[in-house]
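Biologist: I have a model open and a few words in its description that I'd like to pin down. Can you take me through them?

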Amino acid sequence: MTSNLTHQWAESMRRWNLELLCIPTVVITLATLLISPVLLTCILLSRALRQETRYLLVANTLTADILFLVLNLATVMINSVGAQIPWLVCELVTTIVISAYCCAILTVTLMVLDTFAAVRWPLRYHDFLTPCRTHCILVGVWILSVLYPFTSLIMVKVKEESPHEKVTYCLAFIILKEGGIYIYFFVGALICTLLILYCYTRLYMVTRTQGIWHSRFSRARVTVLAHGVLLLLYFVPGIVFTLELYMFEKKGMSQDVHVWISTVNCCVLMLLPRAFAPYLYGLRYREIADTLMLLLDCHKRLTQITLS
């Protein structure tokens, strides 16, 4: 059944020439991978940056995004050429991709909570959120992110009739085909959204009398706008994916429509927040930009010494 479904999916892809969408996937992925690993290296090499919660959260987001981008690009390229791959490999790769996406969503939510805590309790913030506690929180985020996708994978493997078959297309819907899975993603996205809205509303109520919102281009307004755009870019593809799971279970929609929505979401929408994140959450921080310039300067000096 799995092989037949993936074969029909591949035929719909070829009929609509949707393999061409791998072009923006490659371009966006490579453009992002040129900057994200560099910013991650800057944070990991700087002891001062590693001691601050906000930079550890940025580093975790970049790590999850890099993992997502690499595996997603590999999946898209394999699907586009129609290569036969073992279904077990497809299941493992797709599960890791979903886990990385969930980790990024949870981490950007924690960024908002971190900003809220820093503004509301500035005197107790550093004593409460120590680097050690932040590391424990991030470990918990990864555990929470991988728990449900891998549990679902195990449930599928137990019921699977042909575990060793090969397929021509990797589909996350088949891996997450247990009933009600989409409810888990919907509830998770709803909780994160409500937390973010609450934090931003409370921050505005607390700071509105301090004059930081009066200027149209004030730092506070620009920060909220940048964070809002990036959060929207992160959450919209997740909501679309949840709707895909729901439609897949109901089986009431044309397969061609399903293929279009899934391909555009996977090849374009899910990549946009990863492309913007290094600039809105990375280079926007002056300390990261300064560390990057310092590393580039050191590299330039070493190159000059080597050449001389």
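Biologist: Before the details, how much area does the chain expose, and what share of it do carbon and sulfur atoms supply?

Modeller: Keep in mind that this is a predicted model. The chain exposes about 16600 Å², and 70% of that comes from carbon and sulfur atoms. As for the fold, the chain has 14 helices and 2 strands, and 43% of its 308 residues count as buried.

Biologist: Why is D65 called buried?

Modeller: Buried means under 20% relative accessible area. D65 comes in at 2%, so D65 counts as buried. This residue sits in helix α5. Leaving out neighbours within four places in sequence, D65 touches A104, Y234, R274 and A277.

Biologist: And H227, buried or exposed?

Modeller: Same test: the cut-off for buried is under 20%. H227 has a relative accessible area of 8%, so H227 is buried. You'll find H227 in helix α11. Its C-alpha atom is 8.2 Å from that of Y281, and the two residues are 54 apart along the chain.

Biologist: How do you know that contacts in the chain join residues far along the sequence?

Modeller: Take the contacts between residues at least 6 apart in sequence: 85% of those join residues at least 24 apart.

Biologist: What makes the residues around L194 a nonpolar patch on the surface?

Modeller: Members of a patch need over 30% relative accessible area and no salt bridge, and nonpolar side chains are joined within 5 Å. I183, F186, V187, L190, I191, L194, L195 and L197 form such a patch, and together they have about 720 Å² of accessible area. L194 itself belongs to helix α10, which covers residues 181-207.

Biologist: What about the largest pocket: how much space lies in it?

Modeller: About 920 Å³. The lining has 47 residues, and the closest to the centre are I98, Y101, F185, F241 and M270.

Biologist: How do you know which residues count as lining?

Modeller: A lining residue has an atom within 4 Å of a grid point of the pocket. Helix α6 gives the most, with 10 residues. Helices that each supply at least two residues include α1, α5, α8, α10, α11 and α12.

Biologist: And why roll a probe at all?

Modeller: A probe the size of a water molecule, rolled over the atoms, shows where empty space is left.

Notes. Residues are numbered from 1 along each chain as its sequence is written. This is a predicted model: local features need pLDDT of at least 70, side-chain atom pairs count only at pLDDT 80 or more; totals for chains, interfaces and linings use all residues. Side-chain values use heavy atoms; hydrogens and water are left out. Patches are made of residues with over 30% relative accessible area and no salt bridge: like charges are joined within 9 Å, nonpolar side chains (Val, Leu, Ile, Met, Phe, Trp, Tyr) within 5 Å. Accessible areas come from the Shrake-Rupley method with a 1.4 Å probe; for residues, only the protein chains shown count as cover. A salt bridge is a side-chain nitrogen of Lys or Arg within 4 Å of a carboxyl oxygen of Asp or Glu. Helices (H or I, at least four residues) and strands (E, at least two) are DSSP runs, numbered from the N terminus. Buried means under 20% relative accessible area, exposed over 50%, partly exposed in between (1.4 Å probe, protein chains only). Contact means heavy atoms within 4.5 Å. On a 1 Å grid over the protein atoms alone, a cavity is a set of points where a 1.4 Å probe fits but cannot get out, and a pocket is an open set with protein on both sides within 12 Å along at least five of seven lines; lining residues have an atom within 4 Å of a point. Grid points are joined across faces, edges and corners, and a volume is the space filled by probe spheres set on the points.
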